[in-house]
Amino acid sequence: DLTTQIADAINDAIAAYSSERFRFSDTPLDAPSTFYTVAAQAVYTSADLAALATMYKIDFVNMNVGTASVFGLSPDTAESLLLYNQQSGFMRGQPSWYAYRDNQLILAAVPDQAYLITVGMFLNKAAPASDAETGNPWMTDAERLIRARAKFEIATHVTRNDKMAMMMSPSPPAENQGMVGAAYREWKVLKGVANRVSSRGKVRPMAF
């Protein structure tokens, strides 16, 4: 008798973790996010690349020049790029910098022609559109996490089952009376896999 509530709990669980970076969160290499610049246009929106409105982080922006050369654009602040681009007639050519603000990608110099831009991103993976959808990573890679978190949502907001809520809790043990909840445990597993896959195995010195 909780069909609607269960569906809502699954969507709530996915929403709770959508900003977490897992191994399935990145732009797939076989389907990169790309768009072409337009001459004299410096600002690009979701109309040019839909993912710009939903992604969580830009990892890199590359630009193709000709048929073989690929250059990486350097990140900068939106304020700096807007100032650069206000120098009408001087900052036209191959872009060298990019910035992101208000769901928009800003390039400088202002493109003088069409260049292929490839954006590596930490994406917002959508929840399944229907019960019949297959292959959605939230229902495959993260199935155990979403199942546990959905049970926590049901126990907390529907059945008011404190014991079940504690057993399924996404909170650290220190915030859950010392108990490791199922959602927290599965989150740790997925984050561990993501960190292990992306790690270079090297320690980099930092200035403090």
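Helices here are DSSP runs of H or I with at least four residues, numbered from the N terminus, and in that sense glutamate 186 is found in helix α5, which covers residues 182-198. I will come back to that residue, but since this is a predicted model, let me begin with the protein as a whole.

In the model, the protein has 5 helices and 10 strands. Along its principal axes, the C-alpha trace spans about 65 × 45 × 30 Å. For a compact globule of 208 residues one would look for a radius of gyration near 17 Å, whereas the protein has 22 Å. As for how the chain meets itself, among contacts with a separation of 6 or more, 60% are accounted for by residues that are 24 or more positions apart.

Turning to the surface, the accessible area of the protein comes to about 12500 Å², and carbon and sulfur atoms hold 53% of that. Of the 208 residues, 35% count as buried. On the charged side chains, there are 19 positive and 20 negative ones, and the centres of these two sets lie 9 Å apart.

Now back to glutamate 186: is this residue buried or exposed in the model? Glutamate 186 counts as buried because its relative accessible area is 12%, and the cut-off for buried is under 20%. Its side chain makes a polar contact with the side chain of arginine 144, at 3.3 Å. If we set aside residues up to four places away in sequence, glutamate 186 touches Arg144 and Leu145.

The other place I would like to show you is helix α2, residues 78-85, where leucine 82 lies. With a relative accessibility of 41%, leucine 82 counts as partly exposed, since that class runs between the 20% limit for buried and the 50% limit for exposed. The C-alpha atom of leucine 82 is separated by 8.1 Å from that of isoleucine 106, although the two residues are 24 residues apart along the chain.

Asparagine 85 lies in helix α2 as well, and with a relative accessible area of 17% asparagine 85 is buried. Which backbone oxygen lies 3.0 Å from a polar atom of the asparagine 85 side chain? That oxygen belongs to leucine 107. Leucine 107 is also one of the residues that asparagine 85 contacts once neighbours within four places in sequence are left aside, and the full list reads Ala42, Met91, Ile106, Leu107, Ala108, Ala109 and Val110.

Conventions
Residues are numbered from 1 along each chain as its sequence is written. This is a predicted model: local features need pLDDT of at least 70, side-chain atom pairs count only at pLDDT 80 or more; totals for chains, interfaces and linings use all residues. Side-chain values use heavy atoms; hydrogens and water are left out. Helices (H or I, at least four residues) and strands (E, at least two) are DSSP runs, numbered from the N terminus. The radius of gyration is taken over C-alpha atoms; the globule rule is 2.2 Å times the number of residues to the power 0.38. Buried means under 20% relative accessible area, exposed over 50%, partly exposed in between (1.4 Å probe, protein chains only). Contact means heavy atoms within 4.5 Å. Accessible areas come from the Shrake-Rupley method with a 1.4 Å probe; for residues, only the protein chains shown count as cover. Lys and Arg count as positive and Asp and Glu as negative; His and the chain ends are not counted. The place of a charge is taken as NZ of Lys, CZ of Arg, CG of Asp or CD of Glu. A polar contact is a pair of N or O atoms within 3.5 Å; within protein, one must be able to donate a hydrogen and the other to accept it, and residues adjacent in sequence count only if both atoms are side-chain atoms.
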